[in-house]
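Visitor: I'd like a close look at the surroundings of one bound ligand, and then at whatever connects to it. Please take it slowly, and keep it chatty.

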Amino acid sequence: MTTHDTLARPLRDLRISVTDRCNFRCVYCMPKELFGSEHAFLPRSEILSFEEITRLARLFAAEGVRKLRITGGEPLVRHDIEQLIGMLADIPGIDDITLTTNASLLTPQRAATLRDAGLNRVTASLDAIDGGVFRRINDVDYPVARVLEGIEAAGEASLGPVKVNMVVKRGLNHDQILPMADHFRGSGHILRFIEFMDVGNSNGWRMADVVTAAEIRDTLATHWPIESLDPNYTGEVASRYRYGDGGGEVGIIPSVTEPFCGTCTRARLSAQGELFTCLFADGGYDFRHMLRQEQASDEAITRRIQALWSARADRYSELRTAETAGQRKVEMSFIGG
Ligand code: SAM
Ligand code: SF4
Ligand code: SF4
């Protein structure tokens, strides 16, 4: 059955964060000052087991979820994640399983195992093609070449076309728009520029730091003519374009300046089992408690999913102001974007 929220949006996508840990310290996501050696990551006992995740995913699928996205932290640092993919791939009703990763651990062998387990596609994050800029952003001295190898490995394993997401922040990497476009034009991978968002409270977001979709379009157009393409499906978050000279597809995700809450069908499950109905929520519903302490039945969990989704009124990005940006919100590394 399909439950609709108060704005008539069905529940279609579930983003599952499998860990709060990451091998990068991207300055806008897990800055070292806050996620240093003192930071207490969740102990293993507090994160959902593969069986718990699969049970919840199965009940969400019965309520209309068709697409699962595995994220984190960095999902590939979770041990045996292939096993989870295999368990999720067996759920009736799920027709797409994707993984968002920084691609650093995506060896050809890992990519093939993930595909064989049932993964359909990979989205890779890469914010710069210049090695120096990239090292400054990941803040763990990670070389860009290794990420590029990971992206190629995903492509080779038929996990493509790989969507390559680049968050653009003024003063940090806006000078990388054209070099990134140049690198990925004609590669078969689809580069997507993302407006820097005010997720969480630790990235010091200011509107002035957002390089807008309009600016990105204008920057691209100075070098290559681009033409709009129709969305692949209702609710697609990226505006799609095609290079006029046959260089392939490029996308822009205008989360801040052209919000898409009206078609947002996404729910997010944190590594410790809290459900968030919006990326900008300040709290989530504790399904782990239901699973472990309450030993809840499938029927009780289903009723809770229906109740949470049918009460959903979230449209944060449409209501965003300078004041809302300062509200308490969950961190991105906790629910995975
Ligand atoms: N570690 C994986 C990765 O980097 O792909 C998955 C988790 S990461 C939180 C998911 C995505 O969120 C990444 O593409 C990252 O660039 C993006 N992200 C993090 N903070 C962001 C922000 N403030 N605005 C826009 N995107 C952000
Ligand atoms: Fe890690 Fe991804 Fe956040 Fe970078 S964006 S710190 S890779 S979780
Ligand atoms: Fe969905 Fe919330 Fe983002 Fe709007 S702000 S698109 S409701 S996650």
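Guide: A bit of vocabulary first: Ala, Val, Leu, Ile, Met, Phe, Trp, Tyr, Cys and Pro count as nonpolar, Asp, Glu, Lys and Arg as charged, and the others, Gly among them, as polar. Residues are numbered from 1 along each chain as its sequence is written, while chains are lettered from A and ligands numbered from 1 in the order in which they are written. What you see is a predicted model in which local features need pLDDT of at least 70, side-chain atom pairs count only at pLDDT 80 or more, totals for chains, interfaces and linings use all residues, and side-chain values use heavy atoms, leaving out hydrogens and water.

Let's start at ligand 3. The residues around it are F260, C261, C264, R266, R268, C278, L279, F280, R312, D314, Y316 and S317 (near means a heavy atom within 4 Å). Sort that shell by class and you get 7 nonpolar, 1 polar and 4 charged residues. Two elements, strand β10 and helix α10 (316-319), each supply at least two residues of this shell. Helices here are DSSP runs of H or I with at least four residues, strands are E runs of at least two, and both are numbered from the N terminus.

Now follow β10 into its sheet. The sheet is open and has 12 strands, in the order β7-β8-β9-β6-β5-β4-β3-β2-β1-β10-β11-β12, with mixed pairing (two strands pair if DSSP finds at least two bridges between them). At the edges stand β7 (226-229) and β12 (285-286); each has a single partner strand, so one side of each is left without a neighbour in the sheet. As for β10 (residues 266-269), it runs parallel to β1 (residues 13-17), and 4 bridges join the two. If you want a spot to click on, L14 stands opposite A267 in β10.

Helix α1 (residues 50-62) packs on this sheet and touches β1, β2 (67-71), β10 and β11 (274-276). The direction of α1 makes about 170° with that of β1. Contact here means heavy atoms within 4.5 Å; axes are lines fitted to C-alpha atoms, for helices over the stretch in contact, and angles run from 0 to 180 degrees between N-to-C directions.

Stay with α1 and look at its helix neighbours. The axes of α1 and α9 (residues 298-310) come within 10 Å and cross at roughly 60°, which makes α1 oblique to α9. For the labels, under 35 degrees is roughly parallel, over 145 roughly antiparallel, 65 to 115 roughly perpendicular, and the rest oblique. On the α1 side the contact uses R55, L56, R58, L59 and F60, and these meet D298, I301, T302 and I305 in α9. By class, that contact divides into 5 nonpolar, 1 polar and 3 charged residues.

Then there's α2 (residues 81-89), whose axis comes within 10 Å of that of α1 and crosses it at roughly 25°. These two helices are therefore roughly parallel to each other. Here α1 brings F50, E51, I53, T54 and A57, and α2 brings I81, Q83, L84, M87 and L88. The classes in the contact of α1 with α2 are 7 nonpolar, 2 polar and 1 charged.

There is one further helix pair to visit. Helix α6 (residues 177-184) packs on α7 (residues 213-223) at an angle of about 60°, with the axes 10 Å apart, so the two are oblique to each other. I177, L178 and A181 in α6 meet I216, T219, L220, T222 and H223 in α7; the contact has 5 nonpolar, 3 polar and no charged residues.

Two backbone details are worth a stop. In the loop between α5 (144-156) and β5 (163-168) you'll find P161, and the peptide bond from G160 to P161 is cis, with omega near 5°. D139, in the loop between α4 (131-138) and α5, has phi near 60°, a positive value in a residue other than glycine.

Finally, set ligand 2 beside your starting point. Around ligand 2 sit C22, F24, C26, C29, M30, G73 and N102. That shell has 5 nonpolar, 2 polar and no charged residues, whereas the shell around ligand 3 includes 4 charged ones.
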